[in-house]
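Let's take a walk through this structure together, starting with its metal sites and then moving on to the cysteines and the nonpolar cores.

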Amino acid sequence: MKATLTVLGSGTSMGVPTLTCECAVCRSTDPHDKRTRPSVMVEYGGKVVLIDTTPDFYAQALRERITHLDAVFYTHSHADHILGIDDLRPLSYALKPNKLPLYARPDAAAFLRKMFSYIFEADYKFGGLAQLELKPIDGPVEVFGARFDPVPVIHGETQIYGYRFGSAAYLTDHSEIPEASMVQLEGLDVLFLDALRHKPHPTHSTVTNSLRIVERLKPKRAFFTHICHDLAHEATNSTLPPQVRLSYDGMKLEFEI
Ligand SMILES: [Zn+2]
Ligand SMILES: [Zn+2]
C-alpha cells in the first residue's frame, strides 16, 4: 500500500538554531537550516502514525495541520523524543472511547509511565488528561494493516529502537548498529539515519560513519536526521552522493508500506 512520510523535525536534541549560539548555521536565513527536534509522521490507508513526540510537537502539528492521529511509536525515552506527549490531548480525545496507543520498548514504556505518572496513574476520571495506552513491544507489530519491526540500535550505553515499516526505516539515535539489525535493513527504498555532525560523538553517528552504513546497505534513497548546527544544509548536501541528502523539516516522500 502507498504511504507518505513527513519529516516533522530533523534537528538534534537542542534544536537548530541552538539557544545562545551565534554560529553561521544558527543565524542562517535558509529555512532548511531551521531544525526542530526529530520526529516523522507516516500516513497510509487513511491512518496517521507518529514516531516520537518531541518538545516541538505542538508547533510541528500546527505546521503540518495534523488533525487526526491513530498511533505513536517511540524510539526511546530521551527528553527530545518524548516531551510533546501532553499535546496529544486533543488528538486522543477524538478517539474516545478508545485510547491512543503508544508503542515502545518495554524499558521506554516503563519510563514513560513513571515520567508521566500524572497521565498514566491518574486516580481521577474527570477531563483534562491525554487518553493514552502504553503498549510495550519486543517484536514486530501489525498496526492498521502495516507491519512495524523494531530495529535494535546502540545509542551510547543503551539499546533503543529504530523502526522498519515496509520499504522504509527510521533510525534516529545510534552510535552503532548491531549486525543482526543490519540484516533487518536490507533491501530498503528509504533509510533515515542519524548523522549528527562530522566530529565523533559518544552516542551519535557522524556523516562519515552514516555514509559507510549507506554504502553497505544500499537503500535507494537515504536521509540524514538528528542534525546539529555544525552542518549547513546546502553546503553539506553538495558533498554527499546523489542518493543521500540531509532531511529537513516539512520534507515529504512516498514509499510502499
Ligand atoms: Zn535524540
Ligand atoms: Zn537520545
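Four donor atoms count as tetrahedral if all angles lie between 85 and 135 degrees, and as square planar if opposite donors are over 155 degrees apart and all others between 65 and 115; anything else is irregular. Keep that in mind for the two zinc sites of this predicted model.

**The zinc sites**

At the zinc ion (ligand 2), the angles among the four donor atoms run from 88 to 178°, and the site is irregular. The site of the zinc ion (ligand 1) is irregular as well, with angles of 89 to 165° among its four donor atoms. The table sets out the donors.

| Ion | Donors | Distances | Spacing along the chain |
|---|---|---|---|
| zinc ion (ligand 1) | Asp80 (OD), His81 (NE2), Asp173 (OD), His226 (NE2) | 2.1 to 2.2 Å | D-H-x91-D-x52-H |
| zinc ion (ligand 2) | His76 (NE2), His78 (ND1), His155 (NE2), Asp173 (OD) | 2.2 to 2.6 Å | H-x1-H-x76-H-x17-D |

What links the zinc ion (ligand 2) and the zinc ion (ligand 1)? Aspartate 173 coordinates both ions, which sit 3.3 Å apart. Histidine 76 belongs to the loop between β4 (71–73) and α2 (79–82), while aspartate 173 belongs to the loop between β10 (168–170) and α6 (179–184), so this pair ties together parts that are 97 residues apart in sequence.

Are these donors buried or exposed? Aspartate 173 is buried, at a relative accessible area of 2%, and histidine 76 is buried too, at 4%. On the ligand 1 side, aspartate 80 is buried with 8%, and histidine 81 is buried with 0%.

**The cysteines**

How many disulfides does a search of the whole structure find? The count is zero. Cysteine 23 has the sulfur of cysteine 21 as its nearest cysteine sulfur, 3.7 Å away, and is in no disulfide. With a relative accessibility of 24%, cysteine 23 is partly exposed. Cysteine 26 is in no disulfide either; its nearest cysteine sulfur is that of cysteine 23, at 3.7 Å. Cysteine 26 is buried, with a relative accessible area of 7%. A disulfide here would need two sulfur atoms within 2.5 Å.

**The nonpolar cores**

The largest nonpolar core holds 28 residues, and Phe73, Phe148, Phe165 and Phe255 touch the most other members. Leaving aside residues up to four places away in sequence, phenylalanine 165 touches Leu5, Val42, Ile51, Arg147, Phe148, Tyr170, Phe255, Glu256 and Ile257. Apart from the largest core lies another one, of 27 residues, including Ile66, Leu69, Ile82 and Ala104.

Conventions: Residues numbered from 1 in each chain as written. Chains lettered and ligands numbered in written order. Predicted model: local features only at pLDDT ≥ 70, side-chain atom pairs only at ≥ 80, totals over all residues. Heavy atoms only, no water. Donors = N, O, S within 2.8 Å, 3.2 Å for Na, K, Ca; no water. Tetrahedral: all angles 85-135°; square planar, octahedral: opposite > 155°, others 65-115°. Helix = DSSP H or I, 4+ residues; strand = E, 2+ residues; numbered from the N terminus. Buried < 20%, exposed > 50% of the residue type's maximum accessible area, 1.4 Å probe, protein only. Core = buried A, V, L, I, M, F, W, Y, C linked by side-chain atoms within 4.5 Å. Contact = heavy atoms within 4.5 Å.
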